[in-house]
Each structure stands twice: as structure tokens, then as C-alpha cells.
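Thanks for coming. I have one structure to go through today, and I will keep to the core, the pockets and a few single residues.

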Amino acid sequence: KGDEDNLLMSMDDLKDTPGAGVIIVQVLLDKTIDSKDAECKAIISVISILYKQRKISRPDIQTPMTDMVEYLDAFLIDSPNALRYVTNMLAEFIGLQALEISWLCEIAKLHQERNPQLIPKIIEHTVDTFKLSQGAEKAKATFDLSKACLSTLLGADAWDTIYKTKLM
């Protein structure tokens, strides 16, 4: 609890610094790609605490996460864990309602030109991680709400297959 209090006080010290939230999230997320599992989990936890305590906002998370998803294919070249780490972040931040699945569909769509096979992997891994952390019922309810954008992104048949194998 003491570490969390120190974290929150440090953020309070930065409240008058323009853009501090997005910079802090960006720096933390940049570190995750080359981190070990425990470090990545800790970084996600720090960002979650800051969001839950309203020390950072949705745009503070969304802006750097856009880059994480958009450039995931490049991160995969140097970091074999990048897909897992990014989808762990997506699942956590969607669960907190700091990110929306409709946003994820828009950003994942950027891979259609250069790396279309990555799109279903992003969605499948995010669903798996969300289900693991939030439970099957919440996962089903959450992803049901975004069926239209997921069907558009992946194609109706591909989304139905993911839905039936992951959420039913």
C-alpha cells in the first residue's frame, strides 16, 4: 500500500504539468516490449492504479496504446512476447473501460495493408486474456456489445468462429 501511495503522490506532484499523463504512460508502455513477464505485469498494474484513481485519463492511455497496436508488427521482430504483452494491456484497459473495442477495431484495421494475418491474432489473444482475467460471462457480454465492428474488421465468418471457440 505504501508504494501505491507514493505512486499517487508522485502523480499529484505532476498534476500541473501539461501532458504528464500521456508521457508517463508512453514511457511505461515503451518499457514493456523489452521487459520480462513480471515487469510487464507490474507496469500494467501501475497504469491501472493510476487510471482507477483518476490520475490519468482515457486519452492518456489511448494515445500511446494506439502506437503499441499500430506498430505491433514491428515490435514482433525484436520481441517475441510483444503480441502477448500488448494484448494483455488491451484486455486490462478494455476491462477498465479506458479503451473500447470499437477503438481497437479502428487501430487493428491499420494492419490490413501490411500484415492482415496479425488482425485475428490481436483479437483472439485479447479475448483470451480478457476472459482469463475478467471471467467468461463478462468477456461474452463485453465482446457481444462490439459484434458489429469485430465482424466488419475480421469478416462475419471469422468473428463467428472466434466467438464460438472463445466465448461460447
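Before the pockets, one convention on residue classes: Ala, Val, Leu, Ile, Met, Phe, Trp, Tyr, Cys and Pro count as nonpolar, Asp, Glu, Lys and Arg as charged, and the others, Gly among them, as polar. Please also keep in mind that this is a predicted model.

With those classes, the lining of the largest pocket splits into 5 nonpolar, 5 polar and 4 charged residues. That pocket has a volume of about 320 Å³. Its lining is made of 14 residues, and Lys41, Ile44, Asn88, Glu92 and Thr129 are the ones nearest the centre. Which helix gives the most to this lining? Helix H3 does, with 6 residues. H3, which spans 37-52, is joined by H6 and H8 in supplying at least two residues each.

On to the second largest pocket, with a volume of about 190 Å³. The residues that line the second largest pocket include Arg58, Ile94, Gln97, Glu100, Phe130, Lys138 and Ser146. H6 and H9 are the elements that give two or more residues to this lining. By class, the lining has 5 nonpolar, 4 polar and 3 charged residues.

Two of the residues I will come back to are in that list, Gln97 and Phe130.

Now the core. The largest nonpolar core holds 49 residues, and Ile61, Met65, Leu90, Phe93 and Trp159 have the most contacts inside it. Helix H6, residues 82-95, contributes the largest share of this core, 9 residues. If you want one residue to centre your view on, take isoleucine 61. What does isoleucine 61 touch, once neighbours within four places in sequence are left aside? It is in contact with Val25, Ile47, Tyr51, Ile56, Phe93, Ala98 and Leu99.

Next, the aromatic rings. The count of aromatic pairs comes to 2. In one of them, the ring centres of phenylalanine 130 and phenylalanine 143 are 5.5 Å apart and the planes stand at 85°; planes over 60 degrees apart count as edge-to-face, so this pair is edge-to-face. Phenylalanine 130 sits in helix H8 (residues 118-134) and phenylalanine 143 in helix H9 (residues 136-144), with their positions 13 residues apart, so to speak, as the pair links distant parts of the chain. Both phenylalanine 130 and phenylalanine 143 are buried.

Two residues deserve a look for their backbone. Arginine 54 is not a glycine, yet it has a positive phi of about 60°. Arginine 54 is in the loop between H3 and helix H4 (58-70). Is arginine 54 buried or exposed? Its relative accessible area is 76%, and the cut-off for exposed is over 50%, so arginine 54 is exposed. Glutamine 97 also has a positive phi, near 65°, and is likewise a residue other than glycine. Glutamine 97 is placed in the loop between H6 and helix H7 (101-108). At 56% relative accessibility, glutamine 97 counts as exposed.

Last, two partly exposed positions. Lysine 121 lies in helix H8, and at 43% relative accessibility it counts as partly exposed. Lysine 121 is 34 residues from threonine 87 in sequence, while their C-alpha atoms are 9.3 Å apart. Glycine 155 is in the loop between helix H10 (147-154) and helix H11 (156-166). Glycine 155 has 27% relative accessibility and so counts as partly exposed.

That is what I have; questions are welcome.

Notes
Residues are numbered from 1 along each chain as its sequence is written. This is a predicted model: local features need pLDDT of at least 70, side-chain atom pairs count only at pLDDT 80 or more; totals for chains, interfaces and linings use all residues. Side-chain values use heavy atoms; hydrogens and water are left out. A nonpolar core is a set of buried Ala, Val, Leu, Ile, Met, Phe, Trp, Tyr and Cys residues joined through side-chain atoms within 4.5 Å. Buried means under 20% relative accessible area, exposed over 50%, partly exposed in between (1.4 Å probe, protein chains only). Helices (H or I, at least four residues) and strands (E, at least two) are DSSP runs, numbered from the N terminus. Contact means heavy atoms within 4.5 Å. Rings of Phe, Tyr and Trp (its six-membered ring) pair if their centres lie within 6.5 Å; planes under 30 degrees apart count as stacked, over 60 as edge-to-face and the rest as tilted. On a 1 Å grid over the protein atoms alone, a cavity is a set of points where a 1.4 Å probe fits but cannot get out, and a pocket is an open set with protein on both sides within 12 Å along at least five of seven lines; lining residues have an atom within 4 Å of a point. Grid points are joined across faces, edges and corners, and a volume is the space filled by probe spheres set on the points.
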